[in-house]
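This briefing covers the overall make-up of one protein chain and then a selection of its residues. Please consult the sequence and the structure shown here alongside the text.

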Amino acid sequence: MISKRFTTIHKNKLAFLASLLLISWGAQALEDDFNKQIVVDADRQQVNIKENRVTFYNNVVVTQGSIKMRAEELSVIGSEQKGSEVMIAKGKPATFYQLLDNGKPIEAEANEVRYDLKTQTLTLTNNALLKQEESLVKGQMIKYSINKQEMVAQGDQNNRVTTIFLPQQLNKVAPKATPQP
């Protein structure tokens, strides 16, 4: 009887954790950000017209509304269609920050942060981390669709995906189980 009750409580906690993660990532990005100009500051830049690529080096800072990216190197790959650029930031780590509509920030970092402007997708690779308030996801690769509010995280042969919730967050909602005699 005790083990069956424990199993039920354990399953309920797992379901709670899964729903908590989905709720915490569910806020929308500031829609106005995507209508703002993109400003890139760096110590040096190099243009390759044939490849339609601009590469910025050293102390790179990108801003677009509340979006802020920081990197040691940033390549911006253009296309014929305006607003379809892809930014590939590299650093140890490269970082991404944005305020959501609810006023809460989302923060990301990885050795490589790929930001596809057209699809509003972040792809974080190598030491990837995505954080929003109390929730944190770490893995080898994290793909986060800002507009669809969908996230996929993957590990590799050496590291698994890790999700962290603060105990105070769990204690607010999950009732404590009392042992049965």
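Is L136 buried or exposed? L136 is buried, because its relative accessible area is 15% and the limit for a buried residue is under 20%. The model is a predicted one, and L136 belongs to strand β8, which covers residues 135-145.

**Overall make-up**

- The secondary structure consists of 2 helices and 10 strands.
- In sequence order, the elements follow the pattern α-β-β-β-β-β-β-β-β-β-β-α.
- The chain has 181 residues, of which 33% are buried.
- Among contacts with a separation of 6 or more, 44% join residues 24 or more positions apart.
- About 11,400 Å² of the chain is exposed, and carbon and sulfur atoms supply 52% of that area.

**Strand β8: L136 and S145**

- With neighbours within four places in sequence set aside, L136 is in contact with L129, L130, K131, T162, T163 and I164.
- One of these contact partners, T163, is 27 residues from L136 along the chain, and the C-alpha atoms of the two are separated by 5.6 Å.
- S145 is also found in strand β8, and S145 counts as buried because its relative accessibility is 9%.
- A polar atom of the S145 side chain lies 3.2 Å from the backbone nitrogen of K148.
- Beyond residues up to four places away in sequence, S145 touches Q120, T121 and E150.

**Strand β7: L124**

- L124 is located in strand β7, which spans residues 121-132.
- The relative accessible area of L124 is 0%, so this residue is buried.
- Not counting neighbours within four places in sequence, the contacts of L124 are A108, E109, A110, E112, V113, L129, L130, Q140, M141 and I142.
- For one of these residues, E109, the C-alpha atom is separated from that of L124 by 7.0 Å, with the two positions 15 residues apart along the chain counted as their distance apart.
- L129 and L130 appear among the contacts of L124 and also among those of L136.

**Strand β3: T55**

- T55 sits in strand β3, made up of residues 53-64.
- T55 is buried because its relative accessible area is 8%.
- The side chains of T55 and S75 make a polar contact at 3.4 Å.
- Once neighbours within four places in sequence are left out, T55 is in contact with R44, Q45, Q46, E73, L74 and S75.

**Charged and aromatic side chains**

- R44, one of the residues in contact with T55, lies over the face of Y57, at 4.1 Å from the ring centre.
- The structure contains 1 aromatic pair.
- The count of salt bridges comes to 1.
- R53 and E51 form a salt bridge through their side chains, with an N to O distance of 3.5 Å.
- R53 is partly exposed, since its relative accessible area is 29%.
- E51 likewise counts as partly exposed, because its relative accessibility is 47%.

**Points to locate in the model**

- Which side chain makes a polar contact with the side chain of T55? The partner is the side chain of S75.
- Which residue has a backbone nitrogen 3.2 Å from a polar atom of the S145 side chain? That residue is K148.

Note on methods:
Residues are numbered from 1 along each chain as its sequence is written. This is a predicted model: local features need pLDDT of at least 70, side-chain atom pairs count only at pLDDT 80 or more; totals for chains, interfaces and linings use all residues. Side-chain values use heavy atoms; hydrogens and water are left out. Rings of Phe, Tyr and Trp (its six-membered ring) pair if their centres lie within 6.5 Å; planes under 30 degrees apart count as stacked, over 60 as edge-to-face and the rest as tilted. A charge sits over a ring if NZ of Lys or CZ of Arg is within 6 Å of the ring centre and within 35 degrees of the ring normal. Helices (H or I, at least four residues) and strands (E, at least two) are DSSP runs, numbered from the N terminus. Buried means under 20% relative accessible area, exposed over 50%, partly exposed in between (1.4 Å probe, protein chains only). Contact means heavy atoms within 4.5 Å. A polar contact is a pair of N or O atoms within 3.5 Å; within protein, one must be able to donate a hydrogen and the other to accept it, and residues adjacent in sequence count only if both atoms are side-chain atoms. Accessible areas come from the Shrake-Rupley method with a 1.4 Å probe; for residues, only the protein chains shown count as cover. A salt bridge is a side-chain nitrogen of Lys or Arg within 4 Å of a carboxyl oxygen of Asp or Glu.
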